[in-house]
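Welcome, and thanks for taking a look at this one with us. Please open the sequence and the model side by side, then read on.

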Amino acid sequence: MRHVLFALALCTSLPAQADTALDAQAFEQLTLGRTFTYAENGTAYGAEEYLPGRRVRWSFLDGQCKAGFWWEEAGQICFAYEDNPEPQCWRFFMGEAGLVAHYTSSDDAAPLYEVGQSSDPLLCLGPETGV
């Protein structure tokens with residue numbers, strides 16, 4: 001009987017964990033030193049490498065990378081990048097298959113889902129060169 005009660009307690013506590021947004025400490029523990037690939041509506045969207053000092057490198061999977069940094073603000077994880085200093089804030093959750101990110105500046109934005117992670121650095125081709 002104790003095993004059944006324990007299993008029921010675990011099952012009822014799991015959804016609550018998935019509904020709780022990650023704070024800065026939990027987010028950093030999950031991401032530091034990793035590169036995450038994200039999708040939106042089943043389509044590859046981009047990848048982000050999480051570096052020491054809350055620095056990041058983002059790419060739309062085109063080989064072009066943007067340096068930035070992140071911080072926690074009002075329960076959200078916010079990012080600013082070299083080409084856009086306006087904060088882009090998200091709420092991150094742990095879903096069944098990994099991180100799920102909800103953009104907080106737009107109610108109609110589809111969430112991003114983790115579709116892969118690696119300890120390899122993000123592939124950045126560098127600035128375009130011409131003839």
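Which pattern do the disulfides of the protein follow, with bonded cysteines counted along the chain? The pattern is 1-4, 2-3. Please keep in mind that this is a predicted model. It holds two disulfides, and the notes below take each of them in turn before moving on to a run of paired strands.

**The link of C65 and C124**

- C65 and C124 form a disulfide in which the sulfur atoms sit 1.9 Å apart.
- This pair links distant parts of the chain, with the two positions 59 residues apart in numbering terms: C65 belongs to strand β4 (residues 65-73), while C124 is found in the segment after β8 (112-118).
- The torsion about the S-S bond is -95°, which makes the link of C65 and C124 left-handed.
- Both ends can be placed by their accessibility: C65 is partly exposed, at a relative accessible area of 22%, and C124 is partly exposed too, at 32%.
- For C65, the value of 22% can be read against the cut-off for buried, which is under 20%.

**The link of C78 and C89**

- A disulfide also joins C78 and C89, and here the sulfur atoms are 2.0 Å apart.
- C78 lies in strand β5 (residues 76-81) and C89 in strand β6 (residues 84-95), so this disulfide ties together parts that are 11 residues apart in sequence.
- The link of C78 and C89 is right-handed, with 105° about the S-S bond.
- Are C78 and C89 buried or exposed? Both of these cysteines are buried.

**Strands β1 and β2**

- Strand β1 (residues 35-40) pairs with strand β2 (residues 43-51) in the antiparallel sense, and six bridges connect them.
- Within this pairing, A39 stands opposite A44 of β2.
- The hairpin of β1 and β2 has two residues between the strands, and N41 takes a positive phi near 50° there.

**Strands β2 and β3**

- β2 also runs antiparallel to strand β3 (residues 55-59), with five bridges joining the two.
- L51 stands opposite R55, which belongs to β3.
- Which residue takes a positive phi in the hairpin of β2 and β3? G53 does, with a phi near 75°, in a hairpin that has three residues between the strands.

**A reminder for viewing the strands**

- In a regular strand, side chains alternate between the two faces of the sheet.

How values were computed
Residues numbered from 1 in each chain as written. Predicted model: local features only at pLDDT ≥ 70, side-chain atom pairs only at ≥ 80, totals over all residues. Heavy atoms only, no water. Pairing = 2+ DSSP bridges. Helix = DSSP H or I, 4+ residues; strand = E, 2+ residues; numbered from the N terminus. Disulfide = S-S within 2.5 Å. Buried < 20%, exposed > 50% of the residue type's maximum accessible area, 1.4 Å probe, protein only.
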